[in-house]
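Colleague: I would like a close look at a single part of this model, with the surroundings brought in where they help. Please take the reasoning step by step.

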Amino acid sequence: MTTADYIALAFFACVWMGYSWLLKGRTFFGRTSLTHAMTERRREWIYNSLRRDLKMIDTQIMAGLQNGTAFFASTSIFAIGSCFALLGATEKVDAVFADLPFVLHGGHAAFEMKVGGLAALFGYAFFKFGWSYRLFNYCTILFGSIPMLRDAESDIIAAERAAERVIRMNVIAGSNFNEGLRAIFLSIGYLGWFINPYVFMTTTAIVIFVLGRRQFFSQARLAIMDAGPPSNLHLSALRRDMPSSDGRDLPEGL
């Protein structure tokens, strides 16, 4: 490996750690990140579940979170297997790289180290997804301890404590899932190293730019932020003492 390879690898590690550190803060240039905004939505969801006895919707959401995590964990395992298969085809890869322009091939040892690093990335992602799956499982169990509506109304403090336990566990599980997903995204930038270290740094910077834009400047972030109702909303509040549009009084339950 050349000096440029070591510099590119250090750049990759520093950018990854810097981006992770940035997301741990609540704001960036006065903007709340998508991750922190979703944390508040998680809190609203769990507290909203305290006001209903039938919690099938909530259990379906929990199942969806677990299934998504399991999918990415399985994908990471397949990716690790593909890396080991790639190590067995070093000779063929050498022949392919020899005919490609702009490819700085450093020999078998350098190639195997790069593949090993890629496998380590997917291994890190697998452990994060696996731990996230287990935490979502714990979250489901904790959710089962949330009291029913009548019991929650009789002991509000106990109900809020149960809800906070679920919220904390759900946020931790979601954080581990995001870290695993971040490793998957950065593995795309890592592939540039197989061409040359300069492409490696460029692809890494592009991936981080895209991730940062989605966190702080995307339409998805705006969609979940608190905002007032649109001015052209065609609904109006109905009062009990107001007659309906056809002249008849509204039913008592409306």
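Which helices each supply at least two residues of the lining of the largest pocket?

Modeller: This is a predicted model, and what follows should be read with that in mind. The helices that each supply at least two residues of the lining of the largest pocket are helix 1 (3-24), helix 2 (34-49), helix 7 and helix 8 (197-216). Helix 7 gives the largest share of that lining, eight residues, and helix 7 itself covers residues 156-190. The largest pocket has a volume of about 740 Å³, and its lining is made up of 25 residues, with Leu-23, Thr-35, Asn-178, Arg-182 and Gln-215 lying nearest its centre. Sorted by class, the lining has twelve nonpolar residues, eight polar ones and five charged ones.

The setting of the pocket comes next. The protein has nine helices and two strands, and from the N terminus on its elements follow the order α-β-β-α-α-α-α-α-α-α-α. Of the 254 residues in the protein, 35% are buried. Among contacts with a separation of 6 or more, 76% are accounted for by residues 24 or more positions apart.

Two of the helices that line the pocket, helix 2 and helix 7, are also joined by a pair of charged side chains. Arg-43 and Glu-164 meet through their side chains in a salt bridge, at 2.7 Å from N to O; because Arg-43 belongs to helix 2 and Glu-164 to helix 7, this pair ties together parts that are 121 residues apart in sequence. Arg-43 is partly exposed, with a relative accessible area of 30%. Within helix 2 there is also a salt bridge between the side chains of Glu-44 and Arg-41, at 3.0 Å from N to O, and these two residues, both in helix 2, are three residues apart, about one turn of the helix. Glu-44 is partly exposed, its relative accessible area being 44%. As general background, side chains of opposite charge can pair when their charged atoms come close.

Helix 7 has a further link of this kind, on which the side chains of Lys-128 and Glu-179 meet in a salt bridge at 2.7 Å, N to O. Lys-128 lies in helix 5 (residues 108-144) and Glu-179 in helix 7, so that this pair ties together parts that are 51 residues apart in sequence. Lys-128 counts as buried because its relative accessibility is 19%, just as the cut-off for buried is under 20%. The count of salt bridges comes to four.

Lys-128 also appears among the contacts of Asn-176, a residue placed in helix 7. Leaving aside residues up to four places away in sequence, Asn-176 touches Lys-128, Trp-131, Ser-132 and Leu-135. With a relative accessibility of 10%, Asn-176 counts as buried.

From the charged and polar residues one can turn to the nonpolar packing. The largest nonpolar core has 31 residues, and those with the most contacts inside it are Phe-12, Leu-118, Phe-122, Phe-129 and Tyr-190. Two or more residues of this core come from each of helix 1, helix 3 (56-87), helix 5, helix 7 and helix 8, and helix 5 gives the most, with eight residues. Tyr-190 touches Phe-12, Met-113, Lys-114, Gly-117, Leu-118, Leu-121 and Phe-200, again not counting residues up to four places away in sequence. Apart from this core lies another one, of 17 residues, including Trp-45, Cys-139, Ile-146 and Ile-167. In soluble globular proteins, nonpolar side chains tend to be buried together.

Helix 1, which supplies residues to the pocket lining, also holds Leu-9 and Ala-13. Leu-9 is partly exposed, with a relative accessible area of 34%, and it touches Trp-193 and Phe-200 when residues up to four places away in sequence are not counted. Although Leu-9 and Trp-193 are 184 residues apart in sequence, they are 8.7 Å apart in space, C-alpha to C-alpha. Ala-13, at 32% relative accessibility, likewise counts as partly exposed; Ala-13 and Thr-204 are 191 residues apart in sequence and 10.0 Å apart in space, C-alpha to C-alpha.

Definitions and conventions
Residues are numbered from 1 along each chain as its sequence is written. This is a predicted model: local features need pLDDT of at least 70, side-chain atom pairs count only at pLDDT 80 or more; totals for chains, interfaces and linings use all residues. Side-chain values use heavy atoms; hydrogens and water are left out. Helices (H or I, at least four residues) and strands (E, at least two) are DSSP runs, numbered from the N terminus. Buried means under 20% relative accessible area, exposed over 50%, partly exposed in between (1.4 Å probe, protein chains only). Contact means heavy atoms within 4.5 Å. On a 1 Å grid over the protein atoms alone, a cavity is a set of points where a 1.4 Å probe fits but cannot get out, and a pocket is an open set with protein on both sides within 12 Å along at least five of seven lines; lining residues have an atom within 4 Å of a point. Grid points are joined across faces, edges and corners, and a volume is the space filled by probe spheres set on the points. Ala, Val, Leu, Ile, Met, Phe, Trp, Tyr, Cys and Pro count as nonpolar, Asp, Glu, Lys and Arg as charged, and the others, Gly among them, as polar. A nonpolar core is a set of buried Ala, Val, Leu, Ile, Met, Phe, Trp, Tyr and Cys residues joined through side-chain atoms within 4.5 Å.
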